[in-house]
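Let's take a walk through this one together, going from helices to cores to rings. Keep the viewer open as you read.

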Amino acid sequence: MTSNIFEQVRSIASDLFSIPSERITAESSPENIEAWDSTQHLNLVLALEEAFDFQLSPEEMEKMRNIGEVVKVVESKISATKS
Amino acid sequence: MPIVIQPYRPEHEPAVQEFNARLKNGGAESDLVFYRYAEPRWLPQVDYGHLYNEYFVALDNGVVRGGYALKHQPFSLPDGSVRSVGYYHHPLSEGIVNKSYAVVGSFLLKDAMNRTPLLYCLGMGGYDNPLPKMLIRLGWSHCAVPFYFKVVNPTRFLRQMYALRTSTTRRLLMDLGAITGGGWAALKTLEAVKKLRAPHAPKVAVEEVEEFGEWVDPLWQQSKDQYVTSAVRDCETLRLLYPASDKHLMRLRIRRGSEDIGLAVVGERRKDAKYGSMRVGSIVDCLASPDDSLAVIRAASDALKQSKMDLIVSNQSHSAWCRALENSGFMRAESNFIFAASKKLAALLEPFEQSKSRIHFTRADGDGLPRNF
């Protein structure tokens with residue numbers, strides 16, 4: 001997990017869920033962030049698409065079960081775009 | 001196994017039936033069922049046409065957990081272009097009866113947004129429902145499309161309008177109004193006052209046509225630029241939307257002298273408990289220059305009156321059509337017919353707050369066709 005992408009994802013999630021970024025870890029998920037419901041999950045996906053300029057599918061959305069997995073999906077999308 | 005969203009194919013039909021059964025057994029309302037057949041009965045895609053419906057299902061290891069419909073239709077847009085816009089309708093998720101699938105609704109919408117970024121929703125039953133709530137949280141631009149009604153038969157309206165007869169006092173007052181004729185007098189006086197204040201509508205000739213003809217095309221070309229946006233309503237489109245085989249609809253051609261100034265589609269709505277046994281007519285669709293909207297609304301309204309409707313209803317987004325309804329004796333009531341535009345579509349309609357009263361949306365653009373308009 002690259003720290004740069006993790007920091008960007010953390011910043012997006014912090015803005016979206018209105019919680020300080022230092023409270024967001026790789027294990028943060030809908031289980032421990034109250035504001036992370038299905039609509040906010042979609043908002044997170046849309047914000048990531050805008051920030052990183054790619055499009056995510058519903059299947060990729062579903063893989064994003066915590067911040068760590070969000071970062072993994074973002075990394076894999078970026079590397080797929082580069083290759 | 002992740003949930004995947006795929007075009008609805010005939011082999012999914014048994015799984016859709018099982019999905020519908022789970023919704024029913026889970027306590028969902030009886031009208032919440034997904035399409036039984038994979039091929040749309042209304043507007044299937046034919047010969048690469050631009051106006052068509054398609055269905056998608058959310059599959060969880062072969063089990064259907066949701067689905068939605070997407071109508072593709074060309075729209076005239078403010079930049080002068082005509083582009084395909086998607087209408088997202090009939091989304092249904094197992095999340096309504098099983099919280100384990102609460103995320104399916106957002107997956108369905110995301111799938112539609114990926115397929116058609118210029119996307120809108122219309123209808124939705126009011127702001128209290130889950131879909132408009134979700135769209136607002138996603139930052140979609142939205143407004144209620146004004147709803148109007150005109151009472152043709154006050155006695156039956158007072159007796160049968162169950163949506164208003166909600167308390168003993170109301171029922172007594174409405175019955176009293178019906179028995180004494182006071183209600184009739186009040187409603188007719190109100191209508192007469194509205195008409196007296198209205199501008200004079202020029203004399204027009206109204207003809208019921210079996211099918212829309214090529215005379216529609218110049219009318220569409222002259223009218224389209226007077227709306228910020230409108231679904232294309234040329235001859236080819238209207239023949240697909242309102243084929244001659246749809247005998248429950250009346251197609252009206254409105255002329256002033258030798259000039260075609262407008263068209264309207266009217267019909268009787270299906271029976272609905274909130275209207276009791278009243279015959280409810282709907283101004284389903286219409287097209288004209290905004291300046292000619294009064295003549296078209298009067299023609300449509302007269303046609304429904306002559307068909308012995310007790311009540312006439314219409315939803316119109318454009319301020320000129322709203323004024324035309326008011327000047328024809330219609331009254332405005334709270335609307336549950338909500339228009340919501342995706343961020344990409346709304347960006348083309350900017351500034352939305354000013355545009356929303358200059359877009360042309362009617363019942364025909366919503367989820368009510370082909371029968372529930």
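What follows is a tour of a predicted model, taken a piece at a time.

Start in chain A with helix α4, which runs over residues 67-82. Its 16 residues reach 23 Å from the first C-alpha to the last, close to the 22 Å expected at 1.5 Å a residue. Look at the N-terminal end and you'll find A:N66 acting as the cap, with a side-chain oxygen 3.1 Å from the backbone nitrogen of A:G68. The buried residues of α4(A) are A:I67, A:G68, A:V70, A:V71, A:V73, A:V74, A:K77 and A:I78. If the spacing in that list catches your eye, here's some background: an α-helix has 3.6 residues a turn, so residues three or four places apart point the same way. As for partners, the buried residues of α4(A) pack against α1 (3-17), α2 (38-52) and α3 (58-63) of chain A.

Now for the nonpolar cores. The largest one holds 49 residues, and those that touch the most other members are A:V9, A:L48, A:V74, B:Y88, B:L109 and B:W140. Pick out A:V9: beyond its neighbours within four places in sequence, A:V9 is in contact with A:L48, A:F52, A:I67, A:V70, A:V71 and A:V74. Several names there should ring a bell, since A:I67, A:V70, A:V71 and A:V74 are among the buried residues of α4(A). Another core, of 28 residues, lies apart from the largest one, and its members include B:V152, B:Y227, B:M309 and B:A324.

Over to chain B, where the domain assignment gives domain 1 (3-116) and domain 2 (147-335). Their C-alpha centres lie 31 Å apart, and the contact takes 10 residues from domain 1 of chain B and 10 residues from domain 2 of chain B.

Helix α2 of chain B covers residues 104-115. Its 12 residues should span 16 Å at 1.5 Å a residue, and the end C-alpha atoms are 17 Å apart, which agrees. This helix is mostly covered, with 11 of its 12 residues buried. Charged side chains are on that list too: B:K110 and B:D111 are among the buried residues of α2(B), as is B:L109.

Next, find B:R65 in strand β3 (residues 63-76) of chain B. Is B:R65 buried or exposed? Its relative accessibility is 12%, and the cut-off for buried is under 20%, so B:R65 counts as buried. Leaving out residues up to four places away in sequence, B:R65 touches B:F19, B:R22, B:A58, B:D60, B:L92, B:S93, B:E94, B:Y101 and B:V104. One of these, B:V104, is also a buried residue of α2(B).

Finally, the rings. The count comes to 19 aromatic pairs over all chains. B:F34 and B:Y35 make an edge-to-face pair, 5.2 Å centre to centre with 75° between the planes. B:F34 is buried at 3% relative accessibility, whereas B:Y35 is partly exposed at 22%. B:F212 and B:Y242 have ring centres 6.4 Å apart and planes at 70°, so this pair is edge-to-face. The pair links distant parts of the chain, 30 residues apart: B:F212 sits in the loop between β8 (205-209) and α7 (216-224) of chain B, and B:Y242 in the loop between α8 (235-241) and β10 (249-256) of chain B. B:F212 is buried at 0% relative accessibility, and B:Y242 is buried with a relative accessible area of 0%. To round things off, ring pairs link B:F75, B:Y87, B:Y120, B:F339, B:F352 and B:F361 into a cluster.

Terms used. Residues are numbered from 1 along each chain as its sequence is written. Chains are lettered from A and ligands numbered from 1 in the order in which they are written. This is a predicted model: local features need pLDDT of at least 70, side-chain atom pairs count only at pLDDT 80 or more; totals for chains, interfaces and linings use all residues. Side-chain values use heavy atoms; hydrogens and water are left out. Helices (H or I, at least four residues) and strands (E, at least two) are DSSP runs, numbered from the N terminus. The expected span of a helix is 1.5 Å times one less than its number of residues. Buried means under 20% relative accessible area, exposed over 50%, partly exposed in between (1.4 Å probe, protein chains only). Contact means heavy atoms within 4.5 Å. A polar contact is a pair of N or O atoms within 3.5 Å; within protein, one must be able to donate a hydrogen and the other to accept it, and residues adjacent in sequence count only if both atoms are side-chain atoms. Rings of Phe, Tyr and Trp (its six-membered ring) pair if their centres lie within 6.5 Å; planes under 30 degrees apart count as stacked, over 60 as edge-to-face and the rest as tilted. A nonpolar core is a set of buried Ala, Val, Leu, Ile, Met, Phe, Trp, Tyr and Cys residues joined through side-chain atoms within 4.5 Å. Domain bounds come from an automatic or database domain assignment.
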